[in-house]
Amino acid sequence: MREPRVGVYPGTFDPLTNGHLDIIERATHVVDRLIIGVAANPGKDPLFPLDERVEMLKEQIALMSRGNGRYVEVRAFDNLLMNFVTGCGATIILRGLRAVSDFEYEFQMAAMNARLNDDIETVFLMASERQQFIASRFVKEIARLGGDISSFVPRQVHDRTLQRLGLRVPKLATVGT
Ligand code: ADP
C-alpha cells in the first residue's frame with residue numbers, strides 16, 4: 001500500500017472566498033490529507049488577524065463532506081513555506097491559478113521552492129469558471145465601497161467582513177454560500 005499523500009494549500013485567506021473553497025474541494029480529490037496553511041503574512045497588512053482567518057476556514061471546512069480533521073486540517077504558520085510543508089510531512093504544495101495574471105508570480109514561486117527542496121512538487125488547480133475571477137483583494141475593496149459581496153464569499157465571511165470594516169450587516173440579506 002502506498003503512503004498517504006499529504007498536501008499543503010498555503011495562502012493568506014484574507015478573507016476566505018468561494019474561489020478558495022473551490023480549490024480546497026478540488027484539492028481533497030488530489031491528496032489523501034490536506035493541510036490548509038494560513039500564512040501570517042504581516043507584510044501584506046491583512047484586514048483580518050491570523051486567528052480569525054483560521055477560524056473562518058475552520059467554520060467552512062466543517063461543512064464539507066470530507067471536512068472532518070482526518071482529511072482536512074487548518075494550521076497557521078509564520079515560517080518559510082518549505083519548512084512548514086516538510087514539518088507537516090507533506091510532499092505536495094497546492095496552489096490555485098486564476099487568469100494569466102497569477103501565472104508569473106506562481107511560476108516564480110514554484111521554481112524557487114523547487115530549488116529549495118526538489119522533493120516537494122507544486123500542483124496548480126483551476127477553480128470553476130464562476131469562481132475563478134474572485135480575489136480577496138477585490139472582495140475587501142467592493143465591501144469597503146458599499147458593494148454587495150454576498151456571491152463571492154460564504155455567509156459568515158460576508159458578515160465578518162462588513163463587521164470588520166465597521167459597516168452595518170443587513171439582517172435579511174439573501175446570500176449564497
Ligand atoms: P497568497 O497571499 O499566498 O497569494 P491568497 O489567499 O490570495 O494567498 O491565495 C492563495 C492561493 O489561492 C493562491 O494560489 C491563489 O492563486 C489561489 N486563489 C485565490 N483565489 C482564487 C480563485 N478565485 N480561483 C483560483 N485560485 C485562487
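This is a guided walk through the model above, from its ligand site outward to a few residues that deserve a look. Keep in mind as you go that the structure is a predicted model.

Let us start at the ligand. A shell of 20 residues surrounds the ligand, and the closest of them are Tyr-9, Thr-12, Lys-44, Gly-96 and Ile-134. Sorted by class, that shell is made up of seven nonpolar, eight polar and five charged residues. If you zoom in on the polar contacts, you will find both side-chain and backbone partners. In the side chain of Tyr-9, an N or O atom lies 2.7 Å from an oxygen atom of the ligand. Gly-96 takes part through its backbone, where an N or O atom is 2.7 Å from a ligand oxygen. Phe-13 also contributes a polar backbone atom, at 3.0 Å from an oxygen atom of the ligand. How much of the ligand does the protein bury? Taken alone, the ligand exposes 550 Å², and the protein buries 93% of that area.

Now step back a little and look at the space itself. The ligand occupies the largest pocket. Several elements each give two or more residues to the shell around the ligand: strand 1 (6-11), helix 1 (18-30), strand 4 (92-97) and helix 4 (100-116).

The loop between strand 1 and helix 1 is a good next stop. Phe-13, whose backbone we have just met at the ligand, has its place in this loop. Its phi is near 50 degrees, a positive value in a residue other than glycine. Is Phe-13 buried or exposed? Phe-13 counts as buried because its relative accessibility is 1%, where the cut-off for buried is under 20%. Pro-15 lies in the loop between strand 1 and helix 1 too. Take a moment over the peptide bond that leads from Asp-14 to Pro-15: this bond is cis, with omega near -5 degrees.

From the loop we can move on into helix 1, where Gly-19 is found. With a relative accessibility of 9%, Gly-19 counts as buried. Try measuring from here to Phe-152: the two residues are 133 positions apart in sequence, yet their C-alpha atoms are 7.7 Å apart in space. Helix 1 also holds Thr-28. Thr-28 has 6% relative accessibility and therefore counts as buried. Where does the side chain of Thr-28 reach? It reaches the backbone oxygen of Glu-25, at 2.6 Å.

Positive phi turns up at another place as well. Asn-41 is in the loop between strand 2 (33-39) and helix 2 (50-61). The phi of Asn-41 is near 45 degrees, again a positive value in a residue other than glycine. Asn-41 has a relative accessibility of 28%, so this residue counts as partly exposed, whereas Phe-13 counts as buried.

Our last stop is strand 3 (residues 72-77), which contains Val-74. Val-74 counts as buried because its relative accessibility is 10%. Which distances separate Val-74 from Lys-58? The pair is 16 residues apart in sequence and 6.6 Å apart in space, taken from C-alpha to C-alpha.

Methods: Residues are numbered from 1 along each chain as its sequence is written. This is a predicted model: local features need pLDDT of at least 70, side-chain atom pairs count only at pLDDT 80 or more; totals for chains, interfaces and linings use all residues. Side-chain values use heavy atoms; hydrogens and water are left out. A residue is near a molecule or strand if one of its heavy atoms lies within 4 Å of it. A polar contact is a pair of N or O atoms within 3.5 Å; within protein, one must be able to donate a hydrogen and the other to accept it, and residues adjacent in sequence count only if both atoms are side-chain atoms. Accessible areas come from the Shrake-Rupley method with a 1.4 Å probe; for residues, only the protein chains shown count as cover. On a 1 Å grid over the protein atoms alone, a cavity is a set of points where a 1.4 Å probe fits but cannot get out, and a pocket is an open set with protein on both sides within 12 Å along at least five of seven lines; lining residues have an atom within 4 Å of a point. A molecule sits in a cavity or pocket if more than half of its atoms lie within 2 Å of its grid points. Helices (H or I, at least four residues) and strands (E, at least two) are DSSP runs, numbered from the N terminus. Ala, Val, Leu, Ile, Met, Phe, Trp, Tyr, Cys and Pro count as nonpolar, Asp, Glu, Lys and Arg as charged, and the others, Gly among them, as polar. Buried means under 20% relative accessible area, exposed over 50%, partly exposed in between (1.4 Å probe, protein chains only).
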